[in-house]
Amino acid sequence: MAQKTVFISSTYKDLHEYRKEIWKLLPKFDVDVRGMEEFGARTASPRETCLAEVEQSDVYVGIIAFRLGSPDPESGRSFTELEYERAVELKKDILIYIAREDASFPANVIDTGTKATAQLRAFKKKLREKHTVDEFSSPEDLIEALNRDFGKQFATM
């Protein structure tokens, strides 16, 4: 089995601790991981960078909590949404993990603006309609789900 490339997509401010745990888990599997932690400085715009990374990946892993994320100035949609849409367009394998509504997150990382909240709710609805999603309420929950799902899909090291 050839090594697969996995792109980790999420907002950062609310999920950076979760992302740290994911990066600790992934060396267990025979995968090449791509994500914002390794983007570095580039000539390309943020939009071009994240979409290029999705294009070069085999699997898109979307982790969604209570923030829409940074908006792309061109489209007004979040980078997370744009990454997801590109993965769908290119028919990538897609794994979606959404925070349970009762998950505990600090208030300062939860979107409260009407527009962002409505856009996030619509994005989550679309994800739930198009994919079988898994839910999490803690970093441990998420890691357990990823470990289980990756164990079915990828060889271990």
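So, what covers the buried residues of α5? The cover includes β1, α1, β3, β4 and β5. For orientation, β3 runs over residues 59–64 and β5 over 134–136. And before I go on, please keep in mind that this is a predicted model.

Which residues are we talking about? The buried ones in α5 are Leu142, Ile143, Ala145, Leu146, Asp149 and Phe150. Around the helix axis they span an arc of only 165 degrees, which means they sit on the same side of α5. Turn to the face pointing away from that buried side, and you meet the exposed residues Glu140, Glu144 and Lys152. The helix itself takes in residues 139–153, so to speak a run of 15 residues. From first C-alpha to last, α5 reaches 21 Å, close to the 21 Å expected at 1.5 Å a residue.

Let me stay with Phe150 for a second, and move on to the rings. Phenylalanine 150 pairs with phenylalanine 154: the ring centres are 4.9 Å apart and the planes stand at 80 degrees, so we call this one edge-to-face. Both of these phenylalanines are buried.

How many aromatic pairs turn up when you search the whole structure? Eight. Tyrosine 18 with phenylalanine 105 is a stacked pair, 5.5 Å centre to centre with 10 degrees between the planes. Tyrosine 18 belongs to helix α1, while phenylalanine 105 is in the loop between β4 and α4, so this pair ties together parts that are 87 residues apart in sequence. Tyrosine 18 is buried, and phenylalanine 105 is too. There's also an aromatic cluster, made up of Phe7, Tyr60, Tyr84 and Phe123.

Okay, since we've landed in α1, let's look around there. Histidine 16 is in this helix, and at 28% relative accessibility it counts as partly exposed. The side chain of histidine 16 makes a polar contact of 3.4 Å with the side chain of glutamate 17. Histidine 16 also brings us back towards α5: proline 139 is 123 residues away in sequence, yet the two C-alphas are 10 Å apart in space.

Glutamate 17 has another partner, lysine 20, and their side chains meet in a salt bridge at 3.3 Å, N to O. Why can those two reach each other? They are three residues apart in helix α1, so about one helical turn separates them. And in general, an α-helix has 3.6 residues a turn, so residues three or four places apart point the same way. Both ends of this bridge are partly exposed, with lysine 20 at 45% relative accessible area and glutamate 17 at 39%.

Just ahead of α1 there's threonine 11, in the loop between β1 and α1. Buried or exposed? Threonine 11 is buried, with a relative accessible area of 8%. Its side chain has a polar contact of 2.4 Å with the side chain of aspartate 14. Setting aside neighbours within four places in sequence, threonine 11 touches Arg19, Ile63, Arg67, Leu68, Gly69 and Thr80.

Back to salt bridges, then. How many does a search of the whole structure find? The count is 17. Let me pick out a couple that aren't within one helix.

Glutamate 53 and arginine 42 form one at 2.6 Å, N to O. This pair links distant parts of the chain, eleven residues apart: glutamate 53 is in helix α2, and arginine 42 is in the loop between β2 and α2. Glutamate 53 is buried at 6% relative accessible area, whereas arginine 42 is partly exposed at 36%.

Then there's glutamate 101 with lysine 124, where the closest N and O atoms are 3.7 Å apart. Here the partners are 23 residues apart, with glutamate 101 in the loop between β4 and α4 and lysine 124 in helix α4. Which end is buried? Lysine 124 is, at 9% relative accessibility, while glutamate 101 is exposed, with a relative accessible area of 60%. And one last item on charges: Arg100, Arg128, Glu135 and Asp141 are joined into one network by salt bridges that share partners.

That's my tour, so have a look at the structure and shout if you want to go back to anything.

Key:
Residues numbered from 1 in each chain as written. Predicted model: local features only at pLDDT ≥ 70, side-chain atom pairs only at ≥ 80, totals over all residues. Heavy atoms only, no water. Helix = DSSP H or I, 4+ residues; strand = E, 2+ residues; numbered from the N terminus. Buried < 20%, exposed > 50% of the residue type's maximum accessible area, 1.4 Å probe, protein only. Polar contact = N/O pair within 3.5 Å; in protein donor to acceptor, adjacent residues only side chain to side chain. Contact = heavy atoms within 4.5 Å. Salt bridge = Lys/Arg side-chain N within 4 Å of Asp/Glu carboxyl O. Phe/Tyr/Trp six-rings, centres within 6.5 Å; stacked < 30°, edge-to-face > 60°. Expected span 1.5 Å × (residues − 1). Arc of directions from axis to C-beta.
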